[in-house]
Amino acid sequence: LSKDKDISCATCHLPKHGYAEPEPVSTGHKGQKGNRNANPVINSQYATSLFWDGRAKSLEDQAGGPVENPIEMGQDMNTVTKELAGIPEYKERFMAVFGEAPTKDNITKAIAAFERTLLEGNSPFDKFQAGDAKAISEDAKKGWELFNQKLCSTCHTPPVFSNWGFYNAGVGTGKKDPDIGRMNVTKLDSDKSAFRVPSLRGVEQTAPYFHDGSAKTLEEAVKFMAGGGQNNSNLHPLFRALKAQKTSEKEIQQLVAFLKSLTGEYPVVEEPKLPE
């Protein structure tokens, strides 16, 4: 779908990496670097908005954005529709499913329909919740207790482990020109450097972490969040409370053990032979 035919959705949402990317930020058209890490697609059908700043309200709204972004795929949807319509097998498939040739609307519907199949579950934690006391380690059990005691579950709400809200944890606020996050959408000063809460399902598989990929490991990410984030004028009160609580190294490891127990099963799709 990209202008130079070198970038696909799976370039930044790698199936074998939890449909996320192993790089801090995405590389797009002509090798240009974005300023954000690609969100995992897993369980995104439950999200109430898409992108780190929530600017898309549905998977359909999200699907066309990267195609037309000049530093991502650098293409335009009108060209994409003409190119797909010019491939006989694609045209036949669209006619069979939608009763019409490819359009911007049905292309994004098709991508969104696929994304809704990318569900992760049946994790050790799920088995523990279902009554198997041996499904997770003692450290993970303690981590689950801490996860609730330290109010992590307020934002990372089970069972998807996100409330899809927007919070300022101070990530990246120490940079010279920090990303203003949700404020880009709402224009409200109160949303400055606030970002959407990611789901923690499969989080072990999707390093690096945060909108800027600044945490290389899960341990690093947990230590940052449990430590109350980075001080800034807009830091959410929840993080100020966490700073006051203090979290020991042992507790960090127990929280990490719990988060790893959320790694479940999800479909890994192999690259198909493209229609001609």
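Start by selecting Arg201: this residue is buried, with a relative accessible area of 11%. Buried here means under 20% relative accessible area, exposed means over 50%, and partly exposed lies in between (1.4 Å probe, protein chains only). Now add Asp126, whose side chain meets that of Arg201 in a salt bridge, 2.7 Å from N to O. A salt bridge is a side-chain nitrogen of Lys or Arg within 4 Å of a carboxyl oxygen of Asp or Glu. Asp126 lies in helix H6 and Arg201 in the loop between strand S2 (195-196) and H10, so the pair ties together parts that are 75 residues apart in sequence. Asp126 itself is partly exposed, at 21%.

A word on what is on your screen: this is a predicted model, in which local features need pLDDT of at least 70 and side-chain atom pairs count only at pLDDT 80 or more, while totals for chains, interfaces and linings use all residues. Residues are numbered from 1 along each chain as its sequence is written, and side-chain values use heavy atoms, with hydrogens and water left out.

**More charged pairs**

Side chains of opposite charge can pair when their charged atoms come close. How many salt bridges does the structure hold? There are 18.

Select Lys104 and Glu68 for another one, with 3.6 Å from N to O. Lys104 sits in helix H5 (residues 104-115) and Glu68 in helix H2 (residues 59-68), so this bridge ties together parts 36 residues apart in sequence. Lys104 is partly exposed at 43% relative accessibility, and Glu68 is partly exposed too, at 35%.

Next, pick Arg55 and Asp53, whose closest N and O atoms are 3.0 Å apart in a salt bridge. Is each partner buried or partly exposed? Arg55 counts as partly exposed because its relative accessibility is 41%, whereas Asp53, at 3%, counts as buried. Add Arg36 and Asp179 to your selection, and you have a network of salt bridges that links Arg36, Asp53, Arg55 and Asp179.

**Along helix H5**

Go back to Lys104 and select the rest of H5. Helices (H or I, at least four residues) and strands (E, at least two) are DSSP runs, numbered from the N terminus. H5 has 12 residues and reaches 17 Å from its first C-alpha to its last, close to the 16 Å expected. That expected span is 1.5 Å times one less than the number of residues.

Which residues of H5 are buried? They are Asn106, Ile107, Thr108, Ile111, Ala112 and Glu115. To see what covers them, show H2, helix H3 (77-85) and helix H4 (88-98), which are included in that cover.

**Into the nonpolar cores**

A nonpolar core is a set of buried Ala, Val, Leu, Ile, Met, Phe, Trp, Tyr and Cys residues joined through side-chain atoms within 4.5 Å. The largest one has 31 residues, and those with the most contacts inside it are Phe147, Phe161, Phe258 and Leu259. Colour the elements that give two or more residues to this core: H6 (124-129), H7 (138-149), H10 (218-226), H11 (237-245) and H12 (249-260). H12 gives the most, with five residues.

Zoom in on Leu259. Leaving aside residues up to four places away in sequence, Leu259 touches Phe147, Leu200, Val203, Leu218 and Val222. A contact means heavy atoms within 4.5 Å. Then look for a second, separate core of 10 residues, which includes Ala63, Met73, Phe94 and Ile111. You have already met Ile111 as one of the buried residues of H5.

**Two cysteines**

Select Cys152 and Cys155. How many disulfides does the structure hold? It holds zero, a disulfide being a pair of cysteine sulfur atoms within 2.5 Å. The sulfur of Cys155 is 8.6 Å from the closest cysteine sulfur, in Cys152, which is too far for a bond. Cys155 counts as buried at 9% relative accessibility, while Cys152, at 21%, counts as partly exposed.

**Zoom out**

Finally, show the whole protein chain, with its 12 helices and two strands. From the N terminus on, the elements run α-α-α-α-α-α-α-α-β-α-β-α-α-α. The C-alpha trace spans about 60 × 45 × 25 Å along its principal axes. Colour by burial, and buried residues make up 45% of the 276 residues. Among contacts between residues at least 6 apart in sequence, 65% join residues at least 24 apart.
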